[in-house]
Every structure is written in structure tokens, then in C-alpha cells.
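Biologist: I would like to learn how to read helix burial and disulfides in a model. Please take the general idea before each case.

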Amino acid sequence: NVGQLPKLLLFLAPPFAAALGVALFRRAPRGILPGLVGEVPPGAASAARAPTTLGGTWPPGGARPLATSSTAMPPTRSGGQAPAADLRCVAGGFADLAREDCGEVFRAVAAIVHRTTVAVEVHVPLAALHAGRRFFVQYLHTEEAVAGAMWNQGYTGIVWPPASVHRLPYADASIEVVVLNISAGSVRGRLADVAADVVRMLVPAGLLVLMGDAAGLDLTPLRQYPLLQSMPSAFTNVLGRRNSTTIRLPALPECPGKHFCSYPGPSGEMLREKDIGCQTKFEPGYVRLMDPARQQTILASKNFADARFRTTFSKGYFVGEPIVTSHDVPRYTGPVAMKSEWHDCPETARLVKSGQVKSFLDAGAGTCTMYGVLVQQGLLESLSHYMSFGAYDCQMMRHCGERGTVTFQHDWTVPLPLCPSCQFDLVYQVQGIHHTARE
């Protein structure tokens, strides 16, 4: 439906314009949930055997500083110890991310350098994460009415089939925080499957934050999942993805098959080969997000988003097929974002700077270099909505996560998973329309 297309299409091949329609996943709305509160028991028993830690160094080839104790509070930006948890934010041990005044405590205690966030079936704004724009948050809803209401308030999200909420379109080890509403009907009935998929998405030392009412819900799948563990903090509803591997799951380059990144078919069905529990296999030398030296480099910068982009570590991701390794070059993975098509067309940047473009869709994002351009030119903060999708493979998508942004995989031949009122002022498409599972 051409009437649903954004106002401005740049570098867009006409035969494919219709592929940028809105999603047709229509369902009767159940309304927006009230504030998410509830009692969530502590989770995650430790694995039976000590895990193997990841062993890269930052900067590559540099000396590795001594790691702090796993139970110690992380350092704050000023270099001191993190403040004790504010009891107003953790009443009963519950981290309420819907409260803006809880943001600093959550960051200091659990997420000192975390940024990429996916909120699954969360129907209220996560004010604690949006404060200061430190986190990059994308919401995932199963109801168009909810997605539209959140979009109109300035919160970006996609609409996903409720029957596929356990098969999400994000790459393995590409997301640092997943906020999961366990009260949602689409989640409660298949918690074990949903838990396995969101943990698949988490980076080492990533966080799973549970929101909602746990009454009558069996949380055993979360407590016993091999890659999850309780956090050494005051938050009983925050579980951590192990900063390591475990012997209890197979370690695979991709989970679970060659095209594991959930390409939705014409009717919303998933084309993944099969669902199996697994953990991402990292190559030797991969530097995890919680590496002390990498943290110090990020926190020393005055621009957090730019620091995350510049400290991206591609080793351990771009391995395997020649078409993949050929993209581990400065143009695609370097610390300075280079997008010649953008620089050669200053009129496009002027549209964003002037405020004429407030919502921006990067179609065929690849390694998310366009996101880096917006960050390094100081334009990202002027946008109310920014979204990206599409890559050759999930190694590119993991690199987007390393750079501090969220992207999802999508087949260009089917409608985008957006609500009808979720529209963009500008769709930016440069050499990306071939990023699809179907040739």
C-alpha cells in the first residue's frame, strides 16, 4: 500500500518499494497494562561445574589488568564505588525500570557499560532506561494497538506474532539487556521456550530483567537454565547471562542452523530449521563487554554512545566464509563511521539537522555504519525514532550489537513488522535491498 509508505525514499529501487509496507498482524487489542509490579523470586542456580572464561584482551595485544572480584560493586564513571541501591527503586528487591529515578541505580549496580535493550511485551515506557538516553531500547509487542500507543509517545518498537514470541528476529549474543514481561499471555504459556530464546540473544554478562506478576507462574525454567545465574546485587528480578561458556549446552557458531535469524515467512511462520538450546561459540581472543580495560576505555569518554561504537571488537565475529571475512574492513567495522553515500549527499543530513526528519529507518543496515554516522555527527539525539534492519548474516548483526545499537533480521519480500501508524519520515536504503534470505 503506497499510501502507507514514508514521505521520503532515498536510493530505493522502485520494484521493491511495496516491500516496505506495514505489518498485517492484526489482533484485537487487550489494552495497555498498568504499571508492572510483582514479586519475582530469585533465580538461576549455578552450573554444576566451573565455566570456562573468555580470554581476549582490550586493546587487542595490550596488557590485561587484574579483574575485580565478581561480587564487588563496579566502578562508577568517577572511578569510585557504585552507590548502595536506593530502596525506593528496589522495594522488596524489585528493580522497577518504569521509574525514571531508578535509572542511575540500575546502571551503577548492574549495567555500567550495557546499552542495547529489547523489551519483550512491556507495555509501559522503561523510564529508567530512557533517562539520559544511555540505553538504546527497542520494544517488541504482539498487539498493534499497544505498539501504536507506545510509538505515539516516542518509543520505537516492532509488532511480532504472539505464537512466535519464542522465536525473535535478533542475532545470538547481540543484545545486552532483555526486559521480559512475564505477565503477558504470549509469554506465560511458554516461558521455557521464551527464556531459551532471550538468553540466546544475550551477550556474555548480559542481563535478563523480569517484570510483571509471577503469581502462579513456574519459574523453574529460569532458575535452572544453564547460562543464567543470580546477580550479586540487590535486584532479585535481574538475572545474568554467564560471562563464560558452560559444559551443559552445545557451543555453536550459529544457533540453531545456518539461517538461525528467524526470517518471517509470508504468513508469519518462522523458517528456522529447528529450535535447540545452545550457546554462541566465540573465537579465541574475543574481548567481552565486561573486560575491565574495555570498560575503562568506554567510561573515560564523555560521549557514551560514541565510545561504545569506537570500542567495538570484531575479532571473534567475522570468521568463516570469505564473504563474511571480507567485511571485516574499516568501511564496515572500523571505529570511524564511513558512509560515502551519506557524505556525498549533504542535503539528507540537512533534513535531519533541521528537524524535518524526526523518524529514520535504516533499511539494509549491514554492520550499522549509518547508526555510527548519526552518533558521530550528533544527529541521533535529534530523532524521535530510529530503527534498522537487514544484514548478510548474523555476524553483521552481532557487530551492530557490539557497536551499541539494536537491529533485527527481516525478509524484504514480506511487510515490515510495524503497526499501521508506525511510520518514518525517511527510509534510507543504500546497497542493502539484497540482504534477504530469498535470492
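Modeller: What follows covers two helices and then the cysteines, and the model is a predicted one.

Biologist: Which residues of helix α3 are buried?

Modeller: The general idea is that an α-helix has 3.6 residues a turn, so residues three or four places apart point the same way. In this structure, α3 spans residues 144–152, and its buried residues are Glu144, Val146, Ala147, Gly148, Met150 and Trp151.

Biologist: What covers the buried residues of α3?

Modeller: The cover includes three strands: β4 (136–141), β5 (157–159) and β14 (385–389).

Biologist: Which residue with a positive phi follows α3?

Modeller: That is glycine 154, with phi near 100°. Helix α14 is likewise followed by a glycine, number 404, and its phi is positive, near 100°.

Biologist: How many residues of α14 are buried?

Modeller: Burial here means under 20% relative accessible area. Helix α14 covers residues 394–403, and 10 of its 10 residues are buried. Charged side-chain types are on that list too, including Arg398, Glu402 and Arg403. Cys394 and Cys400 are also among the buried residues of α14.

Biologist: Now the cysteines. How many disulfides does the structure hold?

Modeller: A disulfide is read from the distance between two cysteine sulfur atoms, with a cut-off of 2.5 Å. The structure holds 2 of them. One is formed by cysteine 368 and cysteine 400, with their sulfur atoms 2.1 Å apart. This pair links distant parts of the chain, 32 residues apart: cysteine 368 lies in the loop between β13 (359–363) and α13 (369–376), while cysteine 400 is in helix α14.

Biologist: Why is the disulfide of cysteine 368 and cysteine 400 called right-handed?

Modeller: The handedness is read from the torsion about the S-S bond, which for cysteine 368 and cysteine 400 is about 95°, so the disulfide is right-handed.

Biologist: Are cysteine 368 and cysteine 400 buried or exposed?

Modeller: Cysteine 368 is buried because its relative accessible area is 0%. Cysteine 400 also counts as buried, at 0% relative accessibility.

Biologist: Which cysteine is joined to cysteine 419?

Modeller: Cysteine 419 is joined to cysteine 422, with an S to S distance of 1.9 Å. The torsion about their S-S bond is about 90°, so this disulfide is right-handed. Both cysteine 419 and cysteine 422 are buried.

Biologist: What are the relative accessibility values of cysteine 102 and cysteine 345?

Modeller: Cysteine 102 has a relative accessible area of 4%, so it is buried. Cysteine 345 has 25% relative accessibility and therefore counts as partly exposed.

Notes: Residues numbered from 1 in each chain as written. Predicted model: local features only at pLDDT ≥ 70, side-chain atom pairs only at ≥ 80, totals over all residues. Heavy atoms only, no water. Buried < 20%, exposed > 50% of the residue type's maximum accessible area, 1.4 Å probe, protein only. Helix = DSSP H or I, 4+ residues; strand = E, 2+ residues; numbered from the N terminus. Contact = heavy atoms within 4.5 Å.
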